[in-house]
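Reader: I have a model open at the bench and would like to understand the words used to describe it. Could you walk me through the reasoning behind each label?

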Amino acid sequence: LEVKTEKENVVGSRLIGKWKTHAAISERLQGNAGREETVVFLEDKTVAAKVPDRYAEALKQKPVYLAGMMTRNGKAHPFILTEYNGNPYVFFFRAKDGDPMGDGESFNLVIAPAKDKGKDLLFLGGDFNNQPFSAFERVE
């Protein structure tokens, strides 16, 4: 897989950075306050070329807008940003049986850009469209 940066891709052009839970919006979306969480996205285009063949085969027809490392719940995971069913989508990888990219997981996401980039909002969902999203704000 190869990253094809697209400056007009809202999520791909604004995802990099540190984000923390926006409690009030997350509670509105999920029906409860949930837990406080921090998510960090760092760019590393070389991750795309390291995606295991069993996943790359399924993803080869999809554009890859961004690749790198995502730290969530204190654990770092390689990720790629693509699309699925027309939605921005992150595929990330967890270690399994000694392979750092042995288990693939995914989720929907959206960014609402603000006039001031520092006030952007990030919304992370589940694998499917019937799962509520959590809201995050940038940490500067």
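Author: Let us begin with Glu-6, which lies in the segment before α1 (10-14). Please keep in mind that this is a predicted model.

Reader: Why is Glu-6 called partly exposed?

Author: Its relative accessible area is 38%. Buried would need a value under 20% and exposed one over 50%, so Glu-6 counts as partly exposed. The C-alpha atoms of Glu-6 and Gly-102 are separated by 28 Å, and the two residues are 96 apart along the chain.

Reader: What makes Glu-140 count as exposed?

Author: Glu-140 is found in the segment after β8 (134-139). Its relative accessibility is 80% and the label asks for over 50%, so Glu-140 is exposed. The C-alpha atoms of Glu-140 and Trp-19 are separated by 8.6 Å, with their positions 121 residues apart along the chain.

Reader: And why does Thr-82 count as buried?

Author: Thr-82 is found in strand β4. Its relative accessibility is 1%, and buried means under 20%, so the label fits Thr-82.

Reader: What does the side chain of Thr-82 reach?

Author: The side chain of Thr-82 reaches the backbone oxygen of Pro-63, at 2.5 Å. Leaving aside neighbours within four places in sequence, Thr-82 is in contact with residues including Lys-62, Tyr-65, Asn-87 and Phe-91.

Reader: Now the rings, please. How many aromatic pairs does the structure hold?

Author: The structure holds five aromatic pairs. In one of them, Phe-41 and Phe-79 sit 5.3 Å apart, centre to centre, with 80 degrees between the planes. This pair links distant parts of the chain, with Phe-41 in strand β2 (residues 38-43) and Phe-79 in strand β4 (residues 75-84), 38 residues apart.

Reader: Why is the pair of Phe-41 and Phe-79 called edge-to-face?

Author: The centres must lie within 6.5 Å for rings to pair, and planes over 60 degrees apart count as edge-to-face. The values for Phe-41 and Phe-79 are 5.3 Å and 80 degrees, so the pair is edge-to-face. Phe-41 is buried, and so is Phe-79.

Reader: What makes the pair of Phe-92 and Phe-107 tilted?

Author: Phe-92 and Phe-107 are 5.9 Å apart, centre to centre, with 50 degrees between the planes. Stacked needs an angle under 30 degrees and edge-to-face one over 60, so this pair of Phe-92 and Phe-107 is tilted. The pair links Phe-92 in strand β5 (residues 87-96) with Phe-107 in strand β6 (residues 99-112), 15 residues apart.

Reader: How do you know that Phe-92 is buried?

Author: Phe-92 has a relative accessible area of 13%, and the limit for buried is under 20%, so Phe-92 is buried. Phe-107 has 2% and is buried by the same limit.

Reader: Which residue lies over the face of Phe-107?

Author: Arg-72 does, at 5.5 Å from the ring centre. Elsewhere, ring pairs link Tyr-84, Tyr-89 and Phe-91 into a cluster.

Reader: How do you know that β5 and β6 pair?

Author: Pairing takes at least two bridges; seven join β5 to β6, so these strands pair, and they run antiparallel. Within β6, Gly-104 is the bridge partner of Phe-93. β5 and β6 form a hairpin with two residues between them, and Asp-97 in the turn has a positive phi of about 50 degrees.

Reader: Which other strands pair with β6 or with β1?

Author: β6 pairs with strand β7 (residues 121-124) in the antiparallel sense, over four bridges, and Leu-122 in β7 is the bridge partner of Ile-111. Strand β1 (residues 17-21) is joined to β2 by four bridges and the two run antiparallel. β1 and β8 also pair in the antiparallel sense, over four bridges, with Lys-18 opposite Val-139 in β8.

Reader: Last one: which residues touch the most other members of the largest nonpolar core?

Author: Of its 17 residues, Leu-15, Phe-41, Phe-79, Phe-107, Leu-109 and Leu-122 do. The largest share of this core, three residues, comes from β6. Apart from this core lies another, of 13 residues, among them Ala-56, Leu-59, Phe-93 and Met-101.

Key
Residues numbered from 1 in each chain as written. Predicted model: local features only at pLDDT ≥ 70, side-chain atom pairs only at ≥ 80, totals over all residues. Heavy atoms only, no water. Phe/Tyr/Trp six-rings, centres within 6.5 Å; stacked < 30°, edge-to-face > 60°. Buried < 20%, exposed > 50% of the residue type's maximum accessible area, 1.4 Å probe, protein only. Lys NZ or Arg CZ within 6 Å of the ring centre and 35° of its normal. Core = buried A, V, L, I, M, F, W, Y, C linked by side-chain atoms within 4.5 Å. Polar contact = N/O pair within 3.5 Å; in protein donor to acceptor, adjacent residues only side chain to side chain. Contact = heavy atoms within 4.5 Å.
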